[in-house]
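Here is a protein model to read with a fresh eye. Look at the chain first, then try the questions.

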Amino acid sequence: MSISFDDLAIQSFFQSLRLEGLQPGTIASYRRLLQQFLAGLPPEVGSLSDVQLSHFVTFVNRQKERGLSSSTTSNMAVSLRRFFAYLAAEKSIPMNPARNL
């Protein structure tokens, strides 16, 4: 089972970004990042609640191996932390697995 990008919690996050007044380009950047991150999760991750810190570390390390700069990968980590903090605050997941990222 894989996580659907149409998941209600994910769509709710994007709606919250729009309500905060973020620019469409910024929201599109979040969308691309989340698509990349979710697509790279192993098959045993069937829900957002199954995501662990190790998945973030693996993702960020892969981006570094691709040649992305430290500032870019740091921004990715911040964005992922924000997404999972939102999910935890909304009780969509029990805790933010990216809090120590």
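The questions below go from the whole chain to its core; the model is a predicted one.

Q: How many helices and how many strands does the chain have?
A: Follow the chain from the N terminus. Its elements run α-α-α-α. The secondary structure comes to four helices and zero strands.

Q: Which radius of gyration does the chain have, next to that of a compact globule?
A: The chain has 101 residues. A compact globule with 101 residues would have a radius of gyration near 13 Å. The chain agrees with that, at 13 Å.

Q: How far apart are the end C-alpha atoms of H4?
A: H4 has 20 residues. At 1.5 Å a residue, H4 should span 28 Å. The model agrees: the end C-alpha atoms are 28 Å apart.

Q: Which helices do the buried residues of H4 pack against?
A: Buried here means under 20% relative accessible area. The buried residues of H4 include Met76, Leu80, Phe83 and Leu87. They belong to a set that packs against H1, H2 and H3.

Q: Which element gives the most to the largest nonpolar core?
A: This core has 27 residues; Phe13, Phe37 and Phe84 are among those that touch the most other members. Helices H1, H2, H3 and H4 each give two or more residues to this core. With seven residues, the top giver is H4.

Q: Which residues of H4, Leu80 among them, is Phe37 in contact with?
A: Leave aside the neighbours of Phe37 within four places in sequence. Its contacts then include Val51, His55, Phe56 and Phe59. From H4, the contacts are Leu80 and Phe84.

Terms used: Residues are numbered from 1 along each chain as its sequence is written. This is a predicted model: local features need pLDDT of at least 70, side-chain atom pairs count only at pLDDT 80 or more; totals for chains, interfaces and linings use all residues. Side-chain values use heavy atoms; hydrogens and water are left out. A nonpolar core is a set of buried Ala, Val, Leu, Ile, Met, Phe, Trp, Tyr and Cys residues joined through side-chain atoms within 4.5 Å. Buried means under 20% relative accessible area, exposed over 50%, partly exposed in between (1.4 Å probe, protein chains only). Contact means heavy atoms within 4.5 Å. The expected span of a helix is 1.5 Å times one less than its number of residues. The radius of gyration is taken over C-alpha atoms; the globule rule is 2.2 Å times the number of residues to the power 0.38.
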